[in-house]
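Me: Could you take a close look at how the charged and aromatic side chains in this model are paired up? Cut-offs with each term, please, and a couple of backbone oddities if there are any.

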Amino acid sequence: MITLDEYRDRRERLIRRVREASGAPDAAVVVQGAPRPEGHTRFRQYNDLMYLCPIETPHAYLTLHLRGDEPRSFLFLHHQPARLVEWEGTHLSAADPDAVRAATGVDAVFDLVDLPEYLAVHRTLFVPLRPGEGAQASWNTVSAARSGLASDPWDGRPDRSGRFAELLRRRFPAATLHDLAPHLDAMRLVKSPAEVELMRRAGRLAALGVVEAMRATRPGAYEYQLEAACRFAYLDHGAMDVSYRAVAAGGANAWYYHYLANYAPLRDGDLVLFDCGPDLAYYASDVTRMWPVNGVYSPEQRQLYGFVLAYHAAIIERLGPGVTAEQVLAEAEERMARVVAETAWLKPAYEAAARAALGSGEHLSHPVGMAVHDVGEYKGAPLAPGIVLSVDPQLRVPEERLYVRVEDTVAITDEGCEVLTADAPYDMDEVEALLRGAPDSPFAAYRRLWA
């Protein structure tokens with residue numbers, strides 16, 4: 001659990017960073033929260049705001065500034081309409097500032113209509129100049145969606161954060177706007193012990209989802225049924241939902257990196273690639289495993305998946321504080337080059353695929369945190385304890401449209417690294433035993449109902 005003291009410390013560190021960066025004694029931070037959902041979905045706060053202040057209220061605005069050398073944090077909130085109180089129950093709002101202060105640790109709470117008066121006295125404003133990350137979103141997915149809107153000649157509307165920045169410039173022309181995102185990214189990249197513990201729980205839950213998807217696997221079952229089994233495990237264990245839609249890709253569908261249709265039947269003889277992660281208390285996880293639909297890896301599947309598993313282990317063994325991602329990958333590549341040379345490959349195309357996998361640079365991927373593709377940049381500098389990232393070695397056989405991947409979320413520690421998703425089985429014999437011992441599919445009754 002993240003304490004109010006930790007939230008308070010984050011706010012203080014951030015405002016001191018931006019004052020130092022700008023040299024402006026009146027520098028202030030303004031972070032916009034998420035809007036009320038348009039559909040019948042649960043509200044989820046933007047990650048940047050939730051990182052600084054535990055407020056799950058739509059249309060919240062957090063401000064930070066230093067009064068002399070004393071950090072001050074204010075929340076600007078709507079009053080909750082009486083009809084919504086009747087429909088939804090009481091939410092934290094400007095109507096009860098004492099409750100808001102007790103729940104969040106901020107210094108003061110004001111009505112949202114007072115925000116312009118506060119902003120007018122500051123000449124240096126730091127604002128995240130990027131779209132907010134909401135439910136099942138990461139900075140890159142949101143940016144890609146925004147690019148699509150911008151290229152639509154019948155749309156092209158600015159995103160919410162862009163509109164906010166535009167209004168700030170128009171209404172306060174004497175103020176200078178700076179991008180807060182780099183400062184937030186640097187802080188969010190390195191997780192605290194409390195964050196790592198939350199991600200440890202999320203990793204265990206991600207692995208449980210994989211196991212439940214394995215148990216639901218049968219020839220003739222549908223990809224979405226594996227997704228449903230995984231998602232049920234997440235919800236049953238207290239997750240808000242998924243941190244991204246699961247990839248449940250049977251056979252040739254695994255060729256697509258982020259296949260999301262999840263609607264095809266699973267075929268005897270195919271592998272299924274399953275990539276999933278929960279959204280647990282605003283923290284994500286990321287895990288991928290592959291297993292045979294019929295319960296038995298073929299010799300070809302064993303060879304290819306076994307190579308990727310060995311690559312995965314070679315990377316994990318070398319991760320730790322003080323080394324760079326580039327060093328880790330170079331050493332793992334050297335090790336795996338020997339494996340390639342020593343292996344009696346079943347097909348020339350498999351050897352070619354293994355050689356092509358060497359040096360691809362894809363095997364250490366993205367940070368993981370409040371979003372599955374989290375903010376921050378860890379490459380090019382020594383890894384530090386608290387950095388959490390995805391390890392996902394992969395291999396492609398174009399001749400057979402085969403794609404093989406194994407993925408885990410790992411945390412850099414003082415001694416090395418901890419695999420947070422290790423409860424999802426790797427060993428192929430163990431996986432086969434699990435598949436043999438799986439009970440009747442929980443979806444069998446539904447298939448009979450719709451037959």
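**Charged pairs, rings and two odd phi values**

Reply: Let's start with R130, which makes a salt bridge to D48, with 2.9 Å between the closest N and O atoms (for a salt bridge, a side-chain nitrogen of Lys or Arg has to be within 4 Å of a carboxyl oxygen of Asp or Glu). This pair ties together distant parts of the chain, 82 residues apart: R130 is in the loop between β5 (124–127) and α6 (139–150), and D48 is in helix α2 (residues 47–52). Those labels come from DSSP runs numbered from the N terminus, H or I of at least four residues for helices and E of at least two for strands.

A bit of housekeeping before going on. This is a predicted model, in which local features need pLDDT of at least 70 and side-chain atom pairs count only at pLDDT 80 or more, while totals for chains, interfaces and linings use all residues. Residues are numbered from 1 along each chain as its sequence is written, and side-chain values use heavy atoms, with hydrogens and water left out.

Back to the pair: R130 has 14% relative accessibility, so it counts as buried (that's under 20% relative accessible area, with exposed being over 50% and partly exposed in between, using a 1.4 Å probe and protein chains only). D48, at 10%, is buried as well.

Now for a bridge with its ends further out. D429 pairs with R302, and their closest N and O atoms are 2.7 Å apart. The link runs from helix α14 (residues 428–436), which holds D429, to R302 in helix α11 (residues 299–318), and it spans 127 residues. D429 has a relative accessible area of 46%, which makes it partly exposed, and R302 also falls in the partly exposed class, at 28%. Elsewhere, salt bridges with shared partners tie D48, R130, E133, D185, R188, K191 and D374 into one network, so the R130–D48 pair I opened with is part of it.

One more bridge to look at: R16 and D69, with closest N and O atoms 2.9 Å apart. Here the link goes from helix α1 (residues 4–22), home of R16, to D69 in the loop between β2 (61–67) and β3 (70–77), 53 residues apart. D69 is exposed at 53% relative accessible area, whereas R16 is partly exposed at 27%. The full tally by the salt-bridge rule is 33.

On to the rings. There are 12 aromatic pairs, where the rings of Phe, Tyr and Trp (its six-membered ring) pair if their centres lie within 6.5 Å, and planes under 30 degrees apart are stacked, over 60 edge-to-face, and the rest tilted. One of them is F76 with Y118: the centres are 5.6 Å apart and the planes sit at 55°, so this pair is tilted. F76 is in strand β3 and Y118 in helix α5 (residues 115–119), so this is another link between distant parts of the chain, 42 residues apart. F76 is buried, at 1% relative accessibility, and Y118 is too, at 10%.

For contrast in geometry, F307 and Y311 are edge-to-face, at 6.0 Å centre to centre with 80° between the planes. They are 4 residues apart in helix α11, so about one helical turn separates them. F307 is buried at 4% and Y311 at 2%. Ring pairs also gather F74, F76, F110 and Y118 into a cluster.

Rings and charges meet as well. A charge sits over a ring if NZ of Lys or CZ of Arg is within 6 Å of the ring centre and within 35 degrees of the ring normal. R396 lies over the face of W255, 3.9 Å from the ring centre, and R10 lies over Y51 at 4.1 Å.

Last, the backbone. Most residues other than glycine have a negative phi. H59 goes the other way, with a positive phi near 60°; it is in the loop between α2 and β2 and is partly exposed at 24%. A281, also not a glycine, has a positive phi of about 55°. You'll find A281 in the loop between β10 (278–279) and β11 (287–292), partly exposed at 38% relative accessibility.
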